[in-house]
Amino acid sequence: MPPRPVIQSSWHDILALTGEIPADGYLQIGTIQLDLPEAAAIEHRARADFVGRMELSTSAGDRLPFGVRRHCLDDDEKDRGWLTAGNEFAEPLELLTQEGRWRTNRFDIGVAYHHLRRLMRAAMPFASDRPLTLRRVVQLFLKQDQGSLDLLEEASDEIELSGELNDSISFSGLCGMTPRRLTVTAATPQDLNFSFPSIRARLDPRRPPVTETVELVVEALEQELEIDLSVALLGGPRPLSHVFAPSIVGAERKSFTIPATQLLEQARKAKFAMEGLTLRVTAAVRTPAELAPVEFSFEGGVIFESEPAKWLACIDFGTSSTALWIGTGTQAVGHPVGLGTWLSRIDRYHPESFVAGASDGAAEGGASRRAFLLPSHIGLSSDFNLRADFDPLSLGDLALAYPGPEAALRRLEALDRNYDISVPFPSTVQMADYIGTIITQPKRKMVLRAAHVAVEGGVVERGQPQPVQLVDLAKVIQDYFHELGSYTAPNALSHDATLLGSPIIRDIERARLDPSVRFGAVVTHPCGIDEARRQIYRAAGQRFLQGFCGTARARADDVILIPEALAAARYGIEEIFQEEPSGDQKARARETFITLDIGAGTYDVTAIETDSPNANRWRVASHFGLTVGGADLDAALGKRIVSVLQRARSSRAIAEAFDVRIDAARLEPRHRQWLDLEFQGAKARLTAHLLEAGASSYAWQDIKDGGPALELVVGRMGGGFSVVSGEGVVLPRGTTETEKPIPGCDAKLVCARIAGRLVVKLCLGPGVFAHGQADDLDVLMEVMGSELPSTAIKNASVHGKPIIVVTGRAALWPPLYQRIEQTVAEHGSFGARMSRRRPFKPDQMKHAVVLGAITLAREAPGRNLEAQVENPIALINFKIDLQTSGVSGAGRIARKVMLLIDDSHATGKATDRSIVIDGPFVIARIMPGLEREEGQARRLALFQQLYAITRVRPFVELTHELAHPLPGRRDGPVEWKVSSYRDVSGLRLTFDCGIPPPIEFGPFGGGRMYVPD
């Protein structure tokens, strides 16, 4: 027999309905905790099923459902929120840690606010001598292997429910709504939900405030109500009021337009104190059967925004590279900063330099061209620091330039940093030697919700006496932006001024150091990130401004966050409207645009309906994203290249002339670094050749048909490190090169004399990267080139004939762009077409995001465009397969997806569905189209393969995995009727199989499927 857990339970008095209501909508009434002795050993199993049965009932005999919330056991496990399960719940407990010791398992017990509200309303009027009481009965069981239940504890008691409905209740943060106060003066006869955003007004002393139209949305959930509504602006000598005509409100949402601009203009004339204005909404509600109305009111704040900043700096912090644009905030006059050109003075071969992308014979010519992008990797080594080693005078004290941890700590104090960062690591050719102290793809790690990043050997951290091996990623990114603003950008601007002599650079330099000039920052970010990630971006933008302007005057509203995918869409749609003018723009019909923004670490899909490029005319119909991109594609392409070299190594004919010094099974860091650098340069040269070829399409033809080769320099004679040596090659007299085909693939090794020096090149044709090898590249190309575009087209086709706009530098890989073109052509029956046959040029790809973000910041500074849509909620049924690593973990494979709520539910209507469950399941937000029955098995198998490669899945779980059958339900397939509704806390789902009580899930807030949970 296993040792019995020690049960500890504690209960509070149910909170009075006064003060702040928690954002999740539940009031916690108690805690159950299971502690098992560390010395205990269970050999027969490492899982136990804990079953709790609990009943809450009022003094009148009414049953009250309750909620269960499991505490996180691991740092990387996210709290799933409350699970409401009637009077019964079941949770699997992972009781055994990796060290073989027991760990604590804790559950919170709570009651939903809306249930308490109903009980209290039913018990009105309250009186001190007539309190409402709840009786609580709790039983705790341990489920044995054979299915029997072992009773561990039983308890019962009574709770007094306190509070009055005429007290003030403060709502904050529910469903993304702004704080407001609700004052109820009598019991409301029915549930009446209000959605009221705070007014955002622009303040300029020279003219009246300007604001967008503000709508008050009202719905009655249970039956129609008569409502008399009025609004009043408070904050002056007398209220300024507006009264609406009496209306009937039902389940269909009804909107009342508040004349906010008119009220604000009247307030200015009446000499109101414009700061701290409040808008009060007052309503009198009655049912058709009642004469006396119920009166209540609530208030919302008026948020004033100062005039737009005179100057804006737009930072596009990408997975692989960063771009910076600085210009005026009111018109499209600016300067793309040559970050890569400046860095080339220190690191000639960095991945974004034209030298790295040029052939040996053209390197010098490429060096004179401007490079705008800066690699995004971050160096943390104190023994090799960019400023200390290459620009010590910039530190102001040569003692700060010494190597080692002591000097690094002094640098941190002098520069106000947390870590001794280099932006970026200063030597590409030495990255392999310091790779343990370099954070690569920091943006992707942040989007994947990594709070800390491990480093090898330890790095210096401010306030820590010893080197640390775990760094705070948010602090690193803030330091990155501060260094970008205080050192990198000013130096790059100075270098640009020397090269170009542009007047706008001089204007930027004067403005950034003038305290009277307001600078703002536009920071791009992936769509769908949570508020914690948005706060990291916002704080990083402030740090950039503090460094760039040399003061601490940056405010939170100086930073504007713009989603990258929407910025790229703005640029792409603008180009289409310019290239395809309709003559009379006012008469142009609304069209559907799908943007595929494929970056190094993210793939965003957005569908937009509009008749104008202006974002204020947009309707964002759909959006979703996956954290896969060019970095994953490059890794898969690299494996193909290594397999070609391995094939060459095993060829006797090649071995007579070439020494291939690479082993696919043991790839050394220096080999990996060499191949990565050469591959990035080879891709840049191939892209440039195809874009400059003058052809109408972007097709990469076979070498035998005259197409270009992807050429990587893999060896140089005469000393130095090489992947392939050609010491055995003899060039015949009068020739400059000789070649050896690699058996079994579209590739060859070439030994050529360039500038008097022998060089070994690996020449690859498109056949090397063709589909059909059942490897990582096949999976990624299928997902990125076929599945995601196909899903987007099918989803958007209901709105019109979609026009596909492809942005992002990862899309420049010719086979990927061709695959997308092929997918679009296959969907011609949906009316889909590409916006252009050839992709944007590399510079345009990055500038598309920057310029699009600047435009959006001007057009819609206070509008959250990405909040217009929510991704569907579905039930995902799993099967158990212990031989397979499933899409969500070992032994668990998604086998069926059943839609519960789609985007049309945003109207607030209740919906009912019938589903059959015959296995363990979760409720999740899913990628739109994942639930489509056509090809679902193939689609789920494809995403299972993607998960094995990238650990990325096409859904975000909203609940824990739930066992089947649930406690008290029958074995075998069970048909459930699923109904849904929304209240002030969010969306709720009720499952009913005919055996009482029903099970309730939620509340679920709004959101989009974007990253792994």
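**Exercise 1. Asp 778 and its surroundings**

Task: In this predicted model, determine which residues Asp 778 touches, leaving aside residues up to four places away in sequence, and state whether Asp 778 is buried or exposed.

Solution.
Step 1. Beyond the excluded neighbours, Asp 778 is in contact with Arg 640, Ala 770, His 771, Gly 772 and Gln 773.
Step 2. The residue is placed in its element: Asp 778 belongs to helix 16.
Step 3. The polar contacts of the side chain are then examined. The backbone nitrogen of Gln 773 is reached by the side chain of Asp 778 at 2.7 Å. A polar atom of that side chain also lies 2.7 Å from the backbone nitrogen of Ala 774.
Step 4. The relative accessible area of Asp 778 is 7%. Buried means under 20%, and Asp 778 is therefore buried.

**Exercise 2. The nonpolar cores**

Task: State how many residues the largest nonpolar core has, and identify which helix gives the most to this core.

Solution.
Step 1. The largest nonpolar core comprises 89 residues. Leu 710, Leu 749, Leu 764 and Phe 769 have the most contacts inside it.
Step 2. Helix 16, residues 776-796, is the element that gives the most to this core, contributing 10 residues.
Step 3. Another core, of 53 residues, lies apart from the largest one; Tyr 419, Ile 504, Tyr 537 and Ala 540 are among its members.
Step 4. For a closer view of the largest core, Leu 749 may be taken as an example. Not counting residues up to four places away in sequence, the residues touched by Leu 749 include Ala 648, Ile 654, Phe 658, Val 714 and Val 724. Polar or charged residues, including Thr 738, Glu 739 and Lys 740, are also touched by Leu 749.

**Exercise 3. Strand 33 and its partners**

Task: Establish in which sense strand 33 pairs with strand 34 and in which sense with strand 42.

Solution.
Step 1. Strand 33 spans residues 591-598, and seven of its eight residues are buried.
Step 2. With strand 34, residues 603-610, the pairing is antiparallel and runs over eight bridges. Within this pairing, Ile 594 has Ala 607 of strand 34 as its bridge partner.
Step 3. Strands 33 and 34 form a hairpin, with four residues between them.
Step 4. With strand 42, residues 802-807, strand 33 pairs in the parallel sense over six bridges. Here Thr 592 stands opposite Pro 802 of strand 42.

**Exercise 4. Aromatic pairs**

Task: State how many aromatic pairs the structure holds, and explain why the pair of Phe 769 and Trp 813 ties together separate parts of the sequence.

Solution.
Step 1. The structure holds 21 aromatic pairs.
Step 2. One of them joins Tyr 698 and Tyr 817 edge-to-face, at 5.6 Å centre to centre and with 85° between the planes. Tyr 698 lies in the loop between helix 15 and strand 37, whereas Tyr 817 lies in helix 17, 119 residues apart. Tyr 698 counts as buried because its relative accessibility is 0%, and Tyr 817 counts as buried at 1%.
Step 3. Phe 769 and Trp 813 likewise form an edge-to-face pair, at 5.1 Å centre to centre and with 90° between the planes. Phe 769 lies in the loop between strand 41 and helix 16, and Trp 813 in the loop between strand 42 and helix 17, so the pair ties together parts 44 residues apart in sequence.
Step 4. Both partners are buried: Phe 769 has a relative accessible area of 5%, and Trp 813 one of 4%.
Step 5. Ring pairs also link Trp 311, Phe 519, Phe 544 and Phe 548 into a cluster. Over the face of Phe 548 lies Arg 512, at 5.1 Å from the ring centre.

Technical notes
Residues numbered from 1 in each chain as written. Predicted model: local features only at pLDDT ≥ 70, side-chain atom pairs only at ≥ 80, totals over all residues. Heavy atoms only, no water. Core = buried A, V, L, I, M, F, W, Y, C linked by side-chain atoms within 4.5 Å. Buried < 20%, exposed > 50% of the residue type's maximum accessible area, 1.4 Å probe, protein only. Helix = DSSP H or I, 4+ residues; strand = E, 2+ residues; numbered from the N terminus. Contact = heavy atoms within 4.5 Å. Pairing = 2+ DSSP bridges. Phe/Tyr/Trp six-rings, centres within 6.5 Å; stacked < 30°, edge-to-face > 60°. Lys NZ or Arg CZ within 6 Å of the ring centre and 35° of its normal. Polar contact = N/O pair within 3.5 Å; in protein donor to acceptor, adjacent residues only side chain to side chain.
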